[in-house]
Amino acid sequence: TSDHTGKRVDAYDRPPELSLGSYEFLATVDYCKNKKFPSPPAFIFMIDVSYNAIRSGLVRLLCEELKSLLDCLPREGRAEESAIRVGFVTYNKVLHFYNVKSSLAQPQMMVVSDVADMFVPLLDGFLVNVNESRAVITSLLDQIPEMFADTRETETVFAPVIQAGMEALKAAECAGKLFLFHTSLPIAEAPGKLKNRDDRKLINTDKEKVWDWEMGRIFHYRGRW
């Protein structure tokens, strides 16, 4: 039977999965791969430290905000702290991985310059518990803006950064998320390189009209419009 609004009068007497809009089932170990609960996920923060990112103030702002945002990581139920592990990478034309293991007095940087054959240079100390490595992480976030303050590197890569993040999660045998903070077109020589379609030399010249038409034709062809 239904009430005057058309809703079942016994709606909340029924099982939750039949009365609620959404309902979560907690999977037991029998439903997990290899009868084993998955490892806690990881968040990897990947920060563009090219000239444009440093000059705009983005890197400094981001590092300051991360100090407090890391206290707000998702946690399971009423757990006192999050089980999510975190890792940090900075990049321009090359990638910098950071060892922030709790036993270190200062973070350690490892550079990967071969972006065509990307790999993760360290496992132990890369993905860490925030509370255990708080002092080392804070030190790293304080140092990053200063380390690259005088950079003149304007070119960046992008696809290798994503690949590195995926390889790190795969090596750690866990799921997770990549947070990329990128500021410019990736024009450095690397997989995924893009070209700038805006040729400033043609602005206010007769060739600008021809260029606009050519670019429009290419766009329509590729988009099949």
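In the pocket legends below, Ala, Val, Leu, Ile, Met, Phe, Trp, Tyr, Cys and Pro count as nonpolar, Asp, Glu, Lys and Arg as charged, and the others, Gly among them, as polar. The model is predicted, with local features needing pLDDT of at least 70 and side-chain atom pairs pLDDT 80 or more, whereas totals for chains, interfaces and linings use all residues. Residues are numbered from 1 along each chain as its sequence is written, and side-chain values use heavy atoms, with hydrogens and water left out.

**View 1. The largest pocket and its lining.** The largest pocket (an open set of points on a 1 Å grid over the protein atoms alone, where a 1.4 Å probe fits, with protein on both sides within 12 Å along at least five of seven lines) is lined by Lys-33, Asn-34, Lys-36, Phe-37, Pro-38, Ser-39 and Glu-173. This lining comprises two nonpolar, two polar and three charged residues, and the space in the largest pocket is about 230 Å³, a volume being that filled by probe spheres set on the grid points. Lining residues have an atom within 4 Å of a point.

**View 2. Two lining residues with positive phi.** Asn-34, one of the residues that line the largest pocket, belongs to the loop between helix H1 (16-19) and strand S1 (42-48), where helices are DSSP runs of H or I with at least four residues and strands runs of E with at least two. The phi of Asn-34 is near 55°, a positive value in a residue other than glycine, and Asn-34 is exposed at 67% relative accessible area (over 50% is exposed, under 20% buried, in between partly exposed; 1.4 Å probe, protein chains only). Glu-173, also in that lining, sits in the loop between helix H5 (159-171) and strand S6 (176-181). For Glu-173, too, phi is positive and near 55°, and its relative accessibility of 64% counts as exposed.

**View 3. The second largest pocket.** About 190 Å³ of space lies in the second largest pocket, whose lining is formed by Leu-26, Ala-27, Phe-37, Pro-38, Ser-39 and Glu-76. Four of these residues are nonpolar, one is polar and one is charged. Phe-37, Pro-38 and Ser-39 appear in the linings of both pockets.

**View 4. Salt bridges of helix H4.** Salt bridges (a side-chain nitrogen of Lys or Arg within 4 Å of a carboxyl oxygen of Asp or Glu) come to eight in the model. One of them joins Glu-146 to Arg-60, with 3.0 Å from N to O, and thereby connects helix H4 (residues 134-147) with helix H3 (residues 58-69) across 86 residues. Both partners are partly exposed, Glu-146 at 48% and Arg-60 at 44%. Arg-134 pairs with Asp-71, the closest N and O atoms lying 2.3 Å apart, so that helix H4 is linked to the loop between H3 and strand S2 (85-91), 63 residues apart. Arg-134 is partly exposed at 23%, as is Asp-71 at 41%. Glu-64, Lys-67 and Asp-142 are linked in a network of salt bridges.

**View 5. A salt bridge between two loops.** The side chains of Lys-101 and Asp-124 meet at 2.7 Å, N to O, in a salt bridge. Lys-101 lies in the loop between strand S3 (95-99) and strand S4 (108-112), and Asp-124 in the loop between S4 and strand S5 (128-129), the two residues being 23 residues apart. Lys-101 is partly exposed at 32% relative accessibility, whereas Asp-124 is exposed at 54%.
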